[in-house]
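Student: I should like to request a close look at one part of this protein, followed by an account of how that part sits within the rest of the fold. Please keep the description to what the model itself shows.

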Amino acid sequence: MKKINVKQGKRYTFKTHVNEVLLPREEAEIMEAFRVIIDPGNCTHARSHPDTEQLYYVISGMGKAVFTFPNGTSQEFEILPQDLVHVPRNTQHQIFCAGEDEPLTYLCVDGFPHGIPKSEPTWN
């Protein structure tokens, strides 16, 4: 068991957004957690994960989620504070900050149904 102060997280800054790692995968059995911050006008990369299921809990800001499922269908919807978004494995996803003045901030929890993949890099 571990209590985590979510005000503190190791920051990883990308061109499009920031990830603050709150629970590194090395400290859990089948998951990791991080806060994602996307500034207005930016978005995450479009990507999918064959080995990872994700949950996003929106903390603040406004955004748009775009999904393309393995069968080729797409879905797009607005995300707001207190929304919980499930991203199934093998689903291409991209998150956009839709606000003009406030970043979109959400908690991302990655779940690894078959254990933490050895082929994926860690945050370190």
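Is Gln 82 buried or exposed, and what is its relative accessible area?

Tutor: The model under discussion is a predicted one. In it, Gln 82 is exposed, with a relative accessible area of 64%. The term applies because a residue counts as exposed when its relative accessible area is over 50%, and the value for Gln 82 is 64%.

The backbone at this position also deserves attention. Gln 82 has a phi near 80°, which is a positive value in a residue other than glycine. As a general matter, most residues other than glycine have a negative phi. Gln 82 is placed in the loop that lies between strand E6, residues 74-79, and strand E7, residues 84-87. A second residue with a positive phi can be set beside it: Asn 90, also a residue other than glycine, has a phi near 65°. Asn 90 belongs to the loop between E7 and E8. Its relative accessibility is 40%, so Asn 90 counts as partly exposed, the class that covers values between 20% and 50%.

The loop of Gln 82 is best understood through the strands on either side of it. The protein has zero helices and nine strands, and along the sequence its pattern reads β-β-β-β-β-β-β-β-β. Its radius of gyration is 14 Å, close to the 14 Å given by the globule rule for 124 residues, so the protein is as compact as a globular protein of that length. The C-alpha trace spans about 40 × 35 × 25 Å along the principal axes.

The two strands that flank Gln 82 can now be followed into their sheets. E7 takes part in an open sheet of six strands, ordered E1-E2-E3-E9-E4-E7, in which the pairing is antiparallel. The edges of that sheet are E1 and E7, each of which pairs on one side only. On average, neighbouring strands here are turned by 25° against each other, direction ignored. The partner of E7 is strand E4, residues 53-60; the two run antiparallel and are joined by four bridges. Within this pairing, Tyr 56 stands opposite Val 85 in E7.

At the other edge of the six-stranded sheet, strand E1 (residues 10-13) runs antiparallel to strand E2 (residues 18-23), and four bridges join them. The connection from E1 to E2 is a hairpin of four residues, and Lys 10 stands opposite Val 21 in E2. Further into the sheet order lies strand E3, residues 31-38, which contains Glu 32. Glu 32 has a relative accessibility of 1% and therefore counts as buried. Its side chain makes a polar contact, at 2.9 Å, with the side chain of Arg 25.

E6, the strand before the loop of Gln 82, belongs to an open sheet of three strands in the order E6-E5-E8, again with antiparallel pairing. E6 and E8 stand at its edges with a single partner strand each, so one side of each is left without a neighbour in the sheet. From one strand to the next, the twist averages 15°. Strand E5, residues 63-68, is joined to E8 by six bridges, and the two run antiparallel. One of the facing pairs consists of Phe 67 and its bridge partner in E8, His 93.

E8 covers residues 92-97 and includes Gln 94. A polar atom of the Gln 94 side chain lies 2.9 Å from the backbone oxygen of Thr 44. Beyond its neighbours within four places in sequence, Gln 94 is in contact with Cys 43, Thr 44, His 45, Ala 46, Lys 64, Ala 65 and Val 66.

Figures for the protein as a whole complete the setting. Buried residues account for 37% of the 124 residues. Of the contacts between residues at least 6 apart in sequence, 68% join residues at least 24 apart. The accessible surface is about 7,600 Å², and 53% of that surface belongs to carbon and sulfur atoms.

To return to the request: Gln 82 is an exposed residue with a positive phi, in the loop between E6 and E7. Of the strands that flank this loop, E7 is an edge strand of the six-stranded sheet, and E6 stands at an edge of the three-stranded sheet.

How values were computed
Residues numbered from 1 in each chain as written. Predicted model: local features only at pLDDT ≥ 70, side-chain atom pairs only at ≥ 80, totals over all residues. Heavy atoms only, no water. Polar contact = N/O pair within 3.5 Å; in protein donor to acceptor, adjacent residues only side chain to side chain. Contact = heavy atoms within 4.5 Å. Pairing = 2+ DSSP bridges. Rg over C-alpha atoms; globule rule 2.2 N^0.38 Å. Buried < 20%, exposed > 50% of the residue type's maximum accessible area, 1.4 Å probe, protein only. Areas by Shrake-Rupley, 256 points an atom, 1.4 Å probe, with all protein chains shown as cover. Axes fitted to C-alpha atoms, helices over the stretch in contact; angles between N-to-C directions.
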